[in-house]
Amino acid sequence: MTHFMSARTIAQAPASERIDFLKGVFGYTVAGLAIAAVSGVISAHVLGPMLLTGGMAYFVVVLGAMLGAQYFGFKLANGPTPQLGLLVGSGLMGLAMGPMLLMAYIMGLQGPAGSGLSLIGQAMGLTILTAGGMVGYVWTEKRDFSMLRAGISALMLPLLVLMVLSFFVPALSGGGTLS
């Protein structure tokens, strides 16, 4: 799939081009999720234990990796090598996700038996349902995602504020410490 900017939306493209475009998006999505998963597991094993013992280090690494992924991933993806943007952006998001996955796993172990991975599984299930819903939405008719960016941005900002606040007020995220 070639990377180019165009004034034509996917809704204006013939069906064969839409299918090729969706196949390319699916391929890049799977690749990005695989890169994020691998770097997340590595981050959980290497950085997770170190970051969960220190207060501000966790905050700086996670927020820094998320902001770095948004900035560097976007810059590289819109440059001459978009695959490098996918690699850097997905890798940094995995770096940010690793300690959070470790924390979710530890908190799940404190619940009923066998619930250590249930929160992570629920998040994965919701991600798959969301991706499937978006593919179904585009697949059925000629549609456009122009409003999706604004909606996601409007939803992301309050969540980002709550995430930052939860570092300083742990009761917002359901409790105190992991010890």
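Leaving aside its neighbours within four places in sequence, with which residues is Ser 39 in contact? In the predicted model examined here, the partners of Ser 39 are Ser 90, Gly 91, Gly 94 and Leu 95. Ser 39 itself belongs to helix H1, which covers residues 15-46. The relative accessibility of Ser 39 is 17%, and this residue therefore counts as buried, the limit being under 20%. A polar atom of the Ser 39 side chain also lies 3.3 Å from the backbone oxygen of Ala 36.

A second serine of helix H1, Ser 43, was examined in the same manner. Ser 43 has a relative accessible area of 2% and is therefore classed as buried. The side chain of Ser 43 reaches the backbone oxygen of Leu 95 at a distance of 2.9 Å. When neighbours within four places in sequence are set aside, the contacts of Ser 43 are Gly 48, Gly 94, Leu 95, Gly 98 and Pro 99. Gly 94 and Leu 95 thus appear among the contacts of Ser 39 and also among those of Ser 43.

The overall architecture of the chain is helical, with six helices and zero strands. Read from the N terminus, the order of elements is α-α-α-α-α-α. Of the 179 residues in the chain, 22% are buried. Contacts between residues at least 6 apart in sequence were also considered, and 64% of these join residues that are at least 24 apart. The chain exposes about 12000 Å², of which 75% is supplied by carbon and sulfur atoms.

Attention then turns to the interior. The largest nonpolar core consists of eight residues, namely Tyr 58, Phe 59, Val 62, Leu 63, Ala 65, Met 66, Ala 96 and Met 163. Helix H3, which spans residues 55-77, gives the most to this core, with six residues. One member of the core is Met 66. Beyond residues up to four places away in sequence, Met 66 touches Met 93, Ala 96 and Met 163. Of these partners, Ala 96 and Met 163 are themselves listed in the core.

Nonpolar residues are also found on the surface, where Met 134, Leu 148, Ile 152, Met 156 and Leu 157 form a patch. Together these residues have about 440 Å² of accessible area. Helix H6, comprising residues 146-168, gives the most to the patch, with four residues. Met 156 is found in helix H6. With a relative accessibility of 44%, Met 156 counts as partly exposed, because this value falls between the 20% limit for buried residues and the 50% limit for exposed ones.

Two further residues, one in helix H4 and one in helix H5, were considered together with their separations from other positions. Gly 108 is found in helix H4, which runs over residues 82-109. At 13% relative accessibility, Gly 108 is buried, since the limit is under 20%. Gly 108 and Ser 118 are ten residues apart in sequence, and their C-alpha atoms are 7.2 Å apart in space. Leu 119 lies in helix H5, which extends over residues 118-140. The relative accessibility of Leu 119 is 49%, so this residue counts as partly exposed. The C-alpha atoms of Leu 119 and Tyr 105 are separated by 7.7 Å, although the two residues are 14 residues apart along the chain.

Notes:
Residues are numbered from 1 along each chain as its sequence is written. This is a predicted model: local features need pLDDT of at least 70, side-chain atom pairs count only at pLDDT 80 or more; totals for chains, interfaces and linings use all residues. Side-chain values use heavy atoms; hydrogens and water are left out. A nonpolar core is a set of buried Ala, Val, Leu, Ile, Met, Phe, Trp, Tyr and Cys residues joined through side-chain atoms within 4.5 Å. Buried means under 20% relative accessible area, exposed over 50%, partly exposed in between (1.4 Å probe, protein chains only). Helices (H or I, at least four residues) and strands (E, at least two) are DSSP runs, numbered from the N terminus. Contact means heavy atoms within 4.5 Å. A polar contact is a pair of N or O atoms within 3.5 Å; within protein, one must be able to donate a hydrogen and the other to accept it, and residues adjacent in sequence count only if both atoms are side-chain atoms. Patches are made of residues with over 30% relative accessible area and no salt bridge: like charges are joined within 9 Å, nonpolar side chains (Val, Leu, Ile, Met, Phe, Trp, Tyr) within 5 Å. Accessible areas come from the Shrake-Rupley method with a 1.4 Å probe; for residues, only the protein chains shown count as cover. A salt bridge is a side-chain nitrogen of Lys or Arg within 4 Å of a carboxyl oxygen of Asp or Glu.
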